[in-house]
Amino acid sequence: MDIKSGHPSPVMTDSPQISNSRLTVRQSRPPHSSSSSQNNNLLLTVPRKKTGIIDDVKANAWFDAMIASSPTPALVNKDNDATTDMTYREWTVKYPSALTTFEKIMSVAKGKRIALFLDYDGTLSPIVEEPDAAYMSTDMRTAVQNVAKYFPTAIISGRSRDKVYEFVGLSELYYAGSHGMDIMSPAGESLYHKHLTRTVSINEQGKDVNLFQTASEFLPMIDKVLCSLVESTKDIKGVKVEDNRFCISVHYRNVEDKNWKLVAQCVDDVIKTYPKLRLTHGRKVLEIRPVIDWDKGKALTFLLESLGLNNCEDVLPIYVGDDRTDEDAFKVLRDGPNYGYGVLVSAMPKVSNAFYSLRDPSEVMEFLKALVTWKRSLG
């Protein structure tokens, strides 16, 4: 897995989509918000925002992508009209529920070692208006803790590793933050990869953990862009600029629709002079990342290789996620040598590389419980 950073200009892709850390591992940067003051030495020169029609073609293209990746949340449920519900039922013919087909999945898993990979937002916790309030329930935490007793389990999230660790709070898991650019092993567990160097650090209990960080060279650049984005968007009501260490998330979930173009223009004004950074889209979030050949699919493959589970016929990887960024991992399991099952968490029809589906985090929790019950039944 070669890491490349040779793109000549920012790239718009289809891949999209959050307190202080309880870890003492490589303390993350101070938190930023769109209303906080910044060190002027770190700020870039950013043109003042102009209201009205935006002429920049790239910003308009980004705006169109913002609309496409942020549909109106019309969830399908029992109260919806029959036509919409029938559409969802038809969709589940192609992407059947991982709960109703659980026995079929386990028939394939019999005699194999399951490796479990989980997204966080929208998978283990609900999508909420305020990203910093995306807490997982106590019951979900117990379900994840129990499943990790039987299967190697990793959380792969767009959030910073420290943030997702704080939300989950389970030291026995593998954590891959910033879309897999920042990976940490559980205490006492060794990780090795022939193409990447590791550092050994100390967690909050004073135990050694392994860290793999594929984009460390970009941190000074990301720092500057972070400060500039905070400054340039500070007058847009509802915008939140989130520091995810190796990437930056600009949330516009609470921004009025009429100001979305303004958000796109501000982001363009800042990153257009940084050809080594690219823009991706999630659900009402713009994400700025380094231009390297790395994503959640690469992180999944990295973890399988590091755990000695790569290209093994007796291994069944399962990845559960809800956003476009998870499609990279679904594709790896569908098309790559590490054949496994992607499970898309969605209550509305979507085109996906996944094999199965679940409606929401509550069904994810039931699926995790079913895995534990199945494993215990084997004795």
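Me: Where is the place of Asp162 in this model?
Reply: Keep in mind that we're looking at a predicted model. The helix to look at runs over residues 161–168. Asp162 has its place there, in helix α5.

Me: Is Asp162 buried or exposed?
Reply: The cut-off for buried is under 20% relative accessible area. Asp162 comes in at 5%, so Asp162 is buried.

Me: Which side chain does the side chain of Asp162 make a polar contact with?
Reply: Stay in α5, where Arg161 and Asp162 are both listed among the buried residues. The two side chains come to 3.3 Å in a polar contact. The partner of Asp162 is Arg161.

Me: How many of the residues of α5 are buried?
Reply: Besides Arg161 and Asp162, the buried set takes in Val164, Tyr165, Phe167 and Val168. That leaves α5 mostly covered. Out of eight residues, the buried count is six.

Me: Which residue just after α5 takes a positive phi?
Reply: Step off the end of the helix, which spans residues 161–168. Phi there is about 70°, and the residue is Gly169.

Me: What is the phi of Ser178, and where does Ser178 sit?
Reply: Ser178 has its place in the loop between β3 (174–177) and β4 (182–184). Ser178 counts as buried, because its relative accessibility is 0%. Its phi is positive, in a residue other than glycine, and lies near 50°.

Me: Which loop holds Arg245, and what is its phi?
Reply: Look between β7 (240–243) and β8 (248–251), since that is the loop where Arg245 is found. Arg245 is buried, with a relative accessible area of 9%. Here too a residue other than glycine has a positive phi, and for Arg245 the value is near 65°.

Me: At what angle do α6 and α7 pack?
Reply: Two packed helices are described by the angle between their axes and the distance between the axes. Here α6 covers residues 219–232 and α7 covers residues 260–271. Their axes are 10 Å apart, α6 passes α7 in a right-handed crossing, and the angle is about 145°.

Me: How many residues of the contact of α6 with α7 are charged?
Reply: On the α6 side you have Val225, Ser228, Leu229 and Ser232. They meet Cys266, Val267, Val270 and Ile271 in α7. The split is six nonpolar and two polar, and the charged count is none: no charged residues.

Me: Are α8 and α9 parallel or oblique to each other?
Reply: Helix α8 (residues 296–306) and helix α9 (residues 327–335) have axes 6 Å apart. The angle between them is about 50°. That falls outside the under 35 and the 65 to 115 degree ranges, and α8 and α9 are therefore oblique.

Me: How many residues of the contact of α8 with α9 are charged?
Reply: Lys296, Gly297, Leu300 and Thr301 of α8 meet Asp328, Ala329, Val332 and Leu333 of α9. Sorting them gives four nonpolar and two polar. The charged ones number two.

Me: How many of the 11 residues of α8 are buried?
Reply: The buried list includes Lys296, Ala299, Phe302 and Ser306. The helix is largely enclosed by the rest of the structure, because the buried count is nine.

Me: Which residue has a side-chain oxygen reaching the backbone nitrogen of Gly297?
Reply: This one is at the start of α8. The oxygen comes to within 2.9 Å of that nitrogen, and it belongs to Asp295.

Technical notes
Residues are numbered from 1 along each chain as its sequence is written. This is a predicted model: local features need pLDDT of at least 70, side-chain atom pairs count only at pLDDT 80 or more; totals for chains, interfaces and linings use all residues. Side-chain values use heavy atoms; hydrogens and water are left out. Axes are lines fitted to C-alpha atoms, for helices over the stretch in contact, and angles run from 0 to 180 degrees between N-to-C directions. Helices (H or I, at least four residues) and strands (E, at least two) are DSSP runs, numbered from the N terminus. A crossing is left-handed if the near helix is turned anticlockwise from the far one by less than a right angle, and right-handed if clockwise. Contact means heavy atoms within 4.5 Å. Ala, Val, Leu, Ile, Met, Phe, Trp, Tyr, Cys and Pro count as nonpolar, Asp, Glu, Lys and Arg as charged, and the others, Gly among them, as polar. Buried means under 20% relative accessible area, exposed over 50%, partly exposed in between (1.4 Å probe, protein chains only). A polar contact is a pair of N or O atoms within 3.5 Å; within protein, one must be able to donate a hydrogen and the other to accept it, and residues adjacent in sequence count only if both atoms are side-chain atoms. Angles under 35 degrees count as roughly parallel, over 145 as roughly antiparallel, 65 to 115 as roughly perpendicular and the rest as oblique.
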